[in-house]
Amino acid sequence: MPTMGVDFGTPLDSVAHIIRMALTPVFLLLSIAALLNVFSTRLALVGDRVEQVTKALEAVDDDHAAALEKQLVHLHRRTLALDAAVILASVAKAAVCAAVLLLFVGTLGDEPVGWALLLAFGCAIVCALGAILAFATEMLLAGTGIRAHLAHGHRRHLLHLSLGSHHDT
Amino acid sequence: MALLGSETLGVSLDSVARIIQMALTPVFLLTGLATLLNVFSTRLARVATRAEQAVRALETAEPDSLAILRDQLVHLRRRSLALDAAVILAAAGGAATCMTVLLLFVGAFGDGSIGPVLFSVFALAIILALAAIAAYAAEMLMAGTGIRAEVAHGRRRHLLRWHSKT
């Protein structure tokens, strides 16, 4: 920025204008932060589950171990999807911040930053889209897991019941 | 938007800034959807915990409470399905919102008139958000019914025990 802006006479006005233009990126930052909150909460939950399953795996009989192993694989897949979501959301955040900076540079300086600004904001939106898709994948995996778990519990219970009635007769 | 596109082949800062300002509404919608997703996933985690408890209780249950537990499991399954639907719908709404912003960009800088597409994608996002809220409301109603059923069951059992004692 060699010439330092066009309207040097009213710097406050121009700065206020830039800040107003930065409203949308800042809101995007807010929504991505909310998404990151969701992702990290879920990642913590998955971590807790892994802890539980690993502990249960140490003291378990063989027929139950297979189910637990399957659960671990499932949880591993879920953490991968969540990691991808978190990374994409973080990249989106960085891109939004870059867009705001470019807005500043473009208004105060003389460099033509139009394309770069568009690229940064577009990259942010695309990354946010990717993060949401990764999260949706993870949620689908989780829902399948819960229902598989319920079905497994039900099956085990039925097995117990039939074994119990065998013992009775 | 098409006007803007024809005028700016070398992209000026002002035009980009104007498009970014136009994207304010979709971005707000994205914030709302993210907040909704937060609520949904918290509830889903709670349902998962409850399911865990119920499955564990099923293994060491006395016969008279078995039917209740099994009812509970069916109920939890239904609730997790509703919440899954809500989450998927909200996520799809978020994706559609992001697509709206992208289309806004394309519309401003490409020369095709994408007005109808833009409109339908944004409408789709709103409808998906609405459907997510409806699924969530259904889940809440189910949860309320379940709690009341449990309370009624607890009271009945208590009365039964009391009767057999006297």
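Visitor: What makes up the confidence picture for chain A, in terms of mean pLDDT and the share of its residues that reach 70 or more?
Guide: This is a predicted model, and for chain A the mean pLDDT is 80, with 83% of its residues at 70 or more. As pLDDT is the predictor's confidence on a scale from 0 to 100, these values describe the prediction itself. Residues 1–7 of chain A stay under 50, and for that stretch the model has 10 contacts beyond four places in sequence.

Visitor: How does pLDDT vary among the elements of chain B?
Guide: The average over chain B is 82, and 92% of the residues score at least 70. Among its elements, helix H5 (residues 115–165) of chain B has the highest mean, 87, whereas helix H1 (residues 2–7) of chain B has the lowest, 40. Over residues 1–9 of chain B the score stays under 50, with 12 contacts in the model beyond four places in sequence. For the model as a whole, ipTM is 0.72 and pTM is 0.77.

Visitor: How do you know which pattern chain A and chain B follow along the sequence?
Guide: The assignment rests on DSSP runs, where a helix needs at least four residues and a strand at least two. By that rule chain A has four helices and zero strands, so the pattern of chain A reads α-α-α-α. Chain B has five helices and zero strands, and therefore reads α-α-α-α-α.

Visitor: What sets chain B against a compact globule of 166 residues?
Guide: Such a globule would have a radius of gyration near 15 Å, but chain B has 25 Å, so chain B does not match the value from the globule rule. The spans of its C-alpha trace along the principal axes, about 90 × 20 × 20 Å, add to that picture.

Visitor: What share of the contacts in chain B with a separation of 6 or more comes from residues 24 or more positions apart?
Guide: In chain B that share is 80%, and the corresponding value for chain A is 78%. A contact here requires C-beta atoms within 7 Å.

Visitor: What share of the residues in each chain is called buried?
Guide: A residue earns the word when 20 or more other C-beta atoms lie within 10 Å of its own. On that test, 33% of the 169 residues in chain A are buried, as are 37% of the 166 residues in chain B.

Visitor: Why is the largest group of 87 residues called a nonpolar core, and which members touch the most others?
Guide: The name applies because its members are buried residues of the nonpolar kinds, joined through C-beta atoms within 7 Å. Those touching the most other members are A:Ala124, A:Ala128, A:Ala131 and B:Ala90. At least two residues come from each of H2, H3 and H4 of chain A, and from each of helix H2 (13–22), helix H3 (24–59), helix H4 (63–109) and H5 of chain B. The largest share, 18 residues, belongs to H4(B). Leaving aside neighbours within four places in sequence, A:Ala131 is in contact with A:Leu35, A:Ala85, A:Leu88, A:Ala89 and A:Ala92.

Visitor: How many residues does each chain bring to the contact between chain A and chain B?
Guide: Chain A brings 43 residues and chain B brings 37. On the side of chain A, helix H2 (23–58), helix H3 (62–108) and helix H4 (114–168) each give two or more residues, and H4(A) gives the most, 24 residues. By class, the side of chain A that touches chain B has 27 nonpolar, 14 polar and two charged residues.

Conventions:
Residues are numbered from 1 along each chain as its sequence is written. Chains are lettered from A and ligands numbered from 1 in the order in which they are written. This is a predicted model: local features need pLDDT of at least 70, side-chain atom pairs count only at pLDDT 80 or more; totals for chains, interfaces and linings use all residues. The radius of gyration is taken over C-alpha atoms; the globule rule is 2.2 Å times the number of residues to the power 0.38. A residue is buried if 20 or more other C-beta atoms lie within 10 Å of its own, exposed if 12 or fewer, and partly exposed in between; C-beta atoms are placed from the backbone. Two residues are in contact if their C-beta atoms, placed from the backbone, lie within 7 Å. Ala, Val, Leu, Ile, Met, Phe, Trp, Tyr, Cys and Pro count as nonpolar, Asp, Glu, Lys and Arg as charged, and the others, Gly among them, as polar.
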